[in-house]
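User: Hello! I am new to this structure and would like to know what lies behind the words used for it. Could you show it to me?

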Amino acid sequence: MAKFKKIDPKKIYMNPFSDLDDTWMLITARAGEKINTMTASWGGFGVLWNKNVAYIFVRPQRYTRELIDKSDYFSLNFLDHELYKEELEYLGRASGRDEDKIAKAQLSVAYSSDVPYFKQADKVLICRKLSRQQITKDSFMEKQLAEENYPEDDYSIVYVGELEEFLSKEDQN
Ligand SMILES: Cc1cc2nc3c(=O)[nH]c(=O)nc-3n(C[C@H](O)[C@H](O)[C@H](O)COP(=O)(O)O)c2cc1C
């Protein structure tokens, strides 16, 4: 398996539109011994508060949300969509509350300091939590968006993380 190397965030070649909407990411977090991951496609990357950041939208009922709340970090993992489509679908359907998803998907965990990520990823963003904000019904100018996306009023929590490390497989970029 190819090794990871650290890349300067300004040299990252990623397209948040295709990487998130078409190929998805795995949000991974750890609290003590517990590690969990979930598929996600809502979020983005950019500059905020003079820092390189990533932001993610996680619904309150996700088990991964519990672990993110207990941790100072989360990682965003981008895997080859063609190779790992089944795993990505499974990790976006099952809950880590009920089963060991990482073992079932046969993903191998590596660590950057104490932050878990997957050896199968091509690109990894290690993010340090900067802020957490609960969206509410009142957040929406366009009420229809709230109705369409949150019929059960399970409004997402927005986490902004500082991009502390960007890892890329050595045979990429
Ligand atoms: C393509 C795709 C994208 C998803 N994007 C998100 C997302 O951005 N935010 C979210 O809260 N859930 C999203 N989900 C749903 C979670 O991945 C799913 O509920 C998962 O089972 C949660 O796992 P957990 O309970 O182990 O955390 C997505 C699922 C799929 C298949």
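Analyst: Happily! The protein has five helices and 10 strands. The model is predicted, so to speak of local features pLDDT must be at least 70, side-chain atom pairs count only at pLDDT 80 or more, and totals for chains, interfaces and linings use all residues. Residues are numbered from 1 along each chain as its sequence is written, and side-chain values use heavy atoms, with hydrogens and water left out.

User: What makes a stretch a helix or a strand?

Analyst: Both are DSSP runs numbered from the N terminus: H or I over at least four residues for a helix, E over at least two for a strand.

User: Which elements each supply at least two residues of the shell around the ligand?

Analyst: They are strand 3 (34-40), strand 5 (51-58) and helix 2 (63-70). Strand 3 gives the largest share, four residues.

User: How many residues surround the ligand, and what makes a residue count as near?

Analyst: One of its heavy atoms must lie within 4 Å of the molecule. By that rule 20 residues surround the ligand, with Thr 39, Thr 64, Ala 94, Ser 95 and Gly 96 the closest.

User: What makes the pair formed by Lys 101 and the ligand a polar contact?

Analyst: A polar contact is a pair of N or O atoms within 3.5 Å; within protein, one must be able to donate a hydrogen and the other to accept it, and residues adjacent in sequence count only if both atoms are side-chain atoms. An N or O atom in the Lys 101 side chain is 2.9 Å from a ligand oxygen atom, so this pair qualifies. A polar backbone atom of Arg 59 is also 2.9 Å from an oxygen atom of the ligand, and for a backbone N or O atom of Trp 42 the distance to a ligand oxygen is 3.2 Å.

User: Why does the radius of gyration agree with a compact globule?

Analyst: The radius is taken over C-alpha atoms, and the globule rule is 2.2 Å times the number of residues to the power 0.38. For 173 residues a compact globule would be near 16 Å, and the protein has 16 Å, so the two agree.

User: Where is Trp 49?

Analyst: Trp 49 sits in the loop between strand 4 (43-48) and strand 5. Its phi is positive, about 55°, although Trp 49 is not a glycine.
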